[in-house]
Amino acid sequence: SATPMERMQSCITDSNSPNDDHWMTLDGPAMSGGGVKHAVHWFRRDLRLHDNASLLAAARQADNLRCVFLLDCQLERHQQHRYLAANKWRFLVDCLRDLDESLRRLGSRLFVVRGQPLEAFRRLLPLWGASHLSFEEDCTPLGRDRDSAVTKLAHELGVTVLRGCSQTLYSQQVLMQASGGELPLTFAKFHRLLLTVGSPPAPCPSLQDEAATLPPPPPPLTPQLHPGFHRGLSNSFSNNNKTSSSSNGNTCNAASFIDEDAFNLPTLGELGLDQDEANYQPTPVLIRGGETEALARLTRHMERRSWVATYGGKPRYQSQLLMPSGTCLSSHLAFGCLSPKLVYAQLTDLYRKIKGGSSAQPPPLHIYGELLWREYLYLTAHANPNFDRLEGNPMCLPIPWCRDQAAFGAWSTARTGVPWIDAIMTQIRLEGWAHPYCRYSAVAFLTRGHLFQNWEDGAKLFEQLLIDAEWPTNNGLWLWMSGSAFFQAFGCAYSPVIAGRKLDPQGDYIRHYLPQLARLPTRYLHEPWLAPPAVQEVAGCIIGRHYPAPMLPDLDEAAESCASRLRAVYAALLTQSGTPTAASAAAAAAAAGGSTLASMQPPPPPPPLTSRPSRPPFSQASSSSSTSSALAPPHLTMATGVQQQHQQHAEDFVLDMLASPTIDDSMA
């Protein structure tokens, strides 16, 4: 019956302090000596009060503390071009609202600043009289460049910077030093590295456990105190809720940086969503943001003791597991509502309780699979600014992918005519989430499996739509599943029909997201084009009219075409000196023959995603399932020369391998 905070505190060792090297980095003099110390804490991907070392240090030592979040106007301009989906903006607003409420309970508040970091801090740090700026490090290349620029600016302004490290389990510098500066390019090597490094640092104490109140923000400023501020105001700040909406969002009222109300939380309308998007929500809302929700989900997850005790068996294939559950944590980890160190600590604590107390053997690393896979991708991407693209990416094989707008458009808008793929893409667009198994299917279909399209375009779309998309993990997924990096045995490609039948045997998932197919008998649900016209008529779904005909006339032929091209590319990538060459790869792919995209059927326009059709309840099996015939034996479209009797084994291998990075079906 312990509260989430009590459960969290029980996992924290008393020996740790916010001055430990693995928690804090100090750039400039410590908070000591006379004078009033005004600290500004900059929230980014650490939208929480627990395990936030830089915030804790600032709160302990400052006389005044102002907590800020910068809403970069560059992101808002992206939104005007439909860059981020409504689900992602909605989740962010949830996180900011929850954080503001938590701070207000401690006598503080969240100040949301509209503007770009350098320009905002150049004006606001002197205006607020800040002596210290604190933030948690961003481990991505772009984030490190931004943090370096802000740190340099702070030094120029005489502001001391406090930096914590809580985005990942380990400091990236610590891991690289332990590896001798050599990046572990396989997950097995990364496993061995962790065995030498040991367990990650424990999370630092929660701010809520430190004191009943926080140091208050400084008193509100007045224009008379800073008469020159109006003349120096830059136009780089975006519109705020005190400014007329008729402006273009590039300027703001000069008084807005003096009026405290100008720093209120953003609205969905301010973020660029029209009324339909702002009002539309999946029914019910499946994933809400915020630290409070994250800790409650973690508590529910840890109450499921059986999966820790029995982890390591074969993955379960049930339709219900394809929907986000109350223990889904990936979105909260991505936005920093939940600390990965806290999850690791509670997993360790639970495992030891189940296995016999502190004297039990250390937990096996696979218990932390999801967290360690995330950690591996962060480490792999941390020094690679081109991790999200093919060109200039030393990890990415130079595969000459196609770029067919019709093919990509059909895949991205759920119009491929393959129900398993279309259901997945519909869920991603409507809800901003999909189970890892589903993501693997969608990625493989677009890239190496059937369409041979460039993985960069798919990665960008997932980044826009998926709430839990992080730059390292999202691009790592696409590099991995497209056969461009991490894994070499891609001589086989599992069929989306067979994968759908194995993961959604009764078709509940497909019926939920593609209700136009709901009345088809289960035996035809994964291949509706095989249903006789009379069956289609009775089901009220004529293929080519109510649901698209398959964009690929022959899935097996398309898969074999992609496999042939990949085999040729892999063979050509190694010259006599072992150096990959893009030219030889392109020539080999051309010699292997093109795909079957030229003969694909043009799909009808997609339905509007803001008007969700009625769907049968996901947990209720379809009444037509009783008419299902025996499923065909599972098979894969294999590389030429592989014997038929190995096909079942290959399918199980691929699905089990795909399950391996996840810690649990419901946690992903």
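This report walks through a predicted model, from its overall make-up to a set of paired strands, two loop residues and a helix pair.

**Overall make-up**

The protein has 668 residues, and 58% of them count as buried. Its secondary structure comes to 28 helices and eight strands. Among contacts between residues at least 6 apart in sequence, 79% join residues at least 24 apart.

**Strand β2 and its two partners**

A good place to start is strand β2, which spans residues 38-43 and is mostly covered, with six of its six residues buried. In a regular strand the side chains alternate between the two faces of the sheet. In β2, H38, V40 and W42 point one way while A39, H41 and F43 point the other, and all are buried.

Strand β2 has parallel neighbours to look at in turn. One is strand β3 (residues 64-71), joined to β2 by six bridges. Within that pairing, A39 stands opposite L65 in β3. The connection is worth tracing in the viewer: β2, helix α2 (residues 53-61) and β3 together make a right-handed β-α-β unit.

Another partner is strand β5 (residues 132-136), which runs parallel to β2 and is joined to it by three bridges. Here V40 stands opposite L133, and H41 stands opposite S134.

**Strand β5 and on to β6**

Strand β5 is mostly covered as well, since five of its five residues are buried and a residue counts as buried under 20% relative accessible area. H132, S134 and E136 lie on one side of β5, L133 and F135 lie on the other, and all of them are buried.

Strand β5 also pairs with strand β6 (residues 160-164), in parallel and through five bridges. In β6, the bridge partner of H132 is T160. The chain goes from β5 to β6 by way of helix α6 (residues 141-156), and this β-α-β crossover is right-handed.

H132 deserves a second look. H132 is found in strand β5 and is buried, with a relative accessible area of 6%. Its C-alpha atom is separated by 6.4 Å from that of H38, although the two residues are 94 apart along the chain.

**Strand β4 beside β3**

On the β3 side, strands β3 and β4 pair in the parallel sense over five bridges. One meeting point is L71, which stands opposite R114 in β4. Strand β4 (residues 110-114) is largely enclosed by the rest of the structure, because five of its five residues are buried. L110, V112 and R114 point one way from β4, F111 and V113 point the other way, and all are buried.

The strand pairings described so far can be set side by side:

| Strand pair | Direction | Bridges |
|---|---|---|
| β2 and β3 | parallel | six |
| β2 and β5 | parallel | three |
| β5 and β6 | parallel | five |
| β3 and β4 | parallel | five |

**Two loop residues with positive phi**

Most residues other than glycine have a negative phi, and most peptide bonds are trans. Two loop residues are worth checking against that background.

D51 lies in the loop between β2 and α2, in the stretch of chain that leads from β2 towards β3. Its phi is near 45°, a positive value in a residue other than glycine. D51 is buried, with a relative accessible area of 1%.

A414 sits in the loop between α17 (405-412) and α18. A414 has a positive phi of about 60° although it is not a glycine. At 13% relative accessibility, A414 counts as buried, because the cut-off for buried is under 20% relative accessible area.

**The α18 and α20 helix pair**

The loop holding A414 leads to helix α18, so our last stop is how α18 (residues 419-431) packs with helix α20 (residues 455-465): the angle is about 45° and the axes are 9 Å apart. That angle makes α18 oblique to α20.

Which residues of α18 and α20 meet? M425, I428 and R429 in α18 meet L461, F462 and L465 in α20. By class, this contact has five nonpolar residues, no polar residues and one charged residue. The charged member is R429, as Arg counts as charged.

Key: Residues numbered from 1 in each chain as written. Predicted model: local features only at pLDDT ≥ 70, side-chain atom pairs only at ≥ 80, totals over all residues. Heavy atoms only, no water. Buried < 20%, exposed > 50% of the residue type's maximum accessible area, 1.4 Å probe, protein only. Helix = DSSP H or I, 4+ residues; strand = E, 2+ residues; numbered from the N terminus. Pairing = 2+ DSSP bridges. Right-handed = clockwise from strand over helix to strand, strands pointing away. Axes fitted to C-alpha atoms, helices over the stretch in contact; angles between N-to-C directions. Parallel < 35°, antiparallel > 145°, perpendicular 65-115°, else oblique. Contact = heavy atoms within 4.5 Å.
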